[in-house]
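The following exercises concern the fold of one protein chain. Please study the sequence and the model before reading each solution.

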Amino acid sequence: MARNVTVGAAQMGPIARNESRQVVVSRLLELLRQAHGRGCDLVVFPELTLTTFFPRWWMEDPAEIESFFEREMPGPAVQPLFDEAKRLEIGFSFGYGELADEGGKTHRYNTSILVDKSGAIVGKYRKIHLPGHADHRPEWPFQHLEKYFFEVGDLGFGVWDAFGGKMGMCICNDRRWPETYRVMGLKGVELVMLGYNTPTHIPWEPIYDDLTGFHNHLSMQSGAYQNSTWVVGVAKAGMEEGCNLLAGTCIIAPSGEIVALTATKDDELISHVCDLDLAQYNKKAMFDFAQHRRPEHYGIITERAGPV
Ligand code: ING
């Protein structure tokens, strides 16, 4: 008996800097309804999907910075998405800028949540691998200031029992790091969902500009195969405020094969019936960690920050 989860990957086209939450949510609702029409159980939206990718600009005004974040989830502008998803009995995941008042301080995270069919938030993840820089670099065509706007996530890589299997989340640059998938793989993950905003020009490593699409799929396909898990990668795509963002939204099987791929750089839904039992196959074969993985023999150095 297959453990099927029909998954939708809801790619978003560009979001303008002045685009209201209400307009963005109306676009998310349209994709949600399309997903319902395809019988989806779960829809994955991109990273920071409620606003434009604001880390491309230097900002100092606290009110302007805060305008890109959410103090409550769901807030009034996002509530319609939760309501409609609950009505349609469809789960979803999306990314947003989180303001969290914890320990007497206000913290800023690049966050994603997992919402089940009842409308309950069953999982939260705060981005750990923050790429780019924290200082203003006006000589560059655009900034990549995630280290300035966000703190490093403090929740680790979680795996949650939901949708009949073991669900995991990560965000964008996390997908490039093998540890991301391996930590979830060691927790038995069967489907990893993630969103990304990936410029096709990287000011700090322009030699790989023509390989952004290749590296995008290479990273996710490797993670899927080496941990025998489904991977769903969802782009915010297109020319957004003068910055060209990669598309390439895809659904990847535990074999590492791409089974669904977007054809545009706009709002576009792709979907696939994901049999979670397929993830179990190689967990009991090539990647049976207990049988074949020998970390005690790897000569792992003690993890240390900074240059070795
Ligand atoms: N974006 C990019 C990503 O990792 C980046 C940053 C782009 C790093 C291209 C390296 C090369 O896909 C985010 N938001 O992490």
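**Exercise 1.** What share of the contacts in the chain with a separation of 6 or more is accounted for by residues 24 or more positions apart?

*Solution.* A contact means heavy atoms within 4.5 Å. Residues 24 or more positions apart account for 70% of the contacts with a separation of 6 or more.

The model is predicted: local features need pLDDT of at least 70, side-chain atom pairs count only at pLDDT 80 or more, and totals for chains, interfaces and linings use all residues. Residues are numbered from 1 along each chain as its sequence is written, and side-chain values use heavy atoms, with hydrogens and water left out.

**Exercise 2.** State how many helices and strands the chain has, and why it is as compact as a globular protein of its length.

*Solution.* Step 1: helices (H or I, at least four residues) and strands (E, at least two) are DSSP runs, numbered from the N terminus. The chain holds eight helices and 14 strands.
Step 2: the radius of gyration, taken over C-alpha atoms, is compared with the globule rule, 2.2 Å times the number of residues to the power 0.38. The chain has a value of 19 Å, close to the 19 Å that the rule gives for 308 residues, so it is as compact as a globular protein of that length.

**Exercise 3.** Describe the surroundings of strand β3 (residues 91–102).

*Solution.* Step 1: ten of the twelve residues of β3 are buried, meaning under 20% relative accessible area with a 1.4 Å probe, protein chains only.
Step 2: two strands pair if DSSP finds at least two bridges between them. Strand β2 (residues 42–44) pairs with β3 in the parallel sense over three bridges, and Leu42 stands opposite Gly91.
Step 3: β3 runs antiparallel to strand β4 (residues 105–115), joined by eleven bridges.

How values were computed
Buried means under 20% relative accessible area, exposed over 50%, partly exposed in between (1.4 Å probe, protein chains only).
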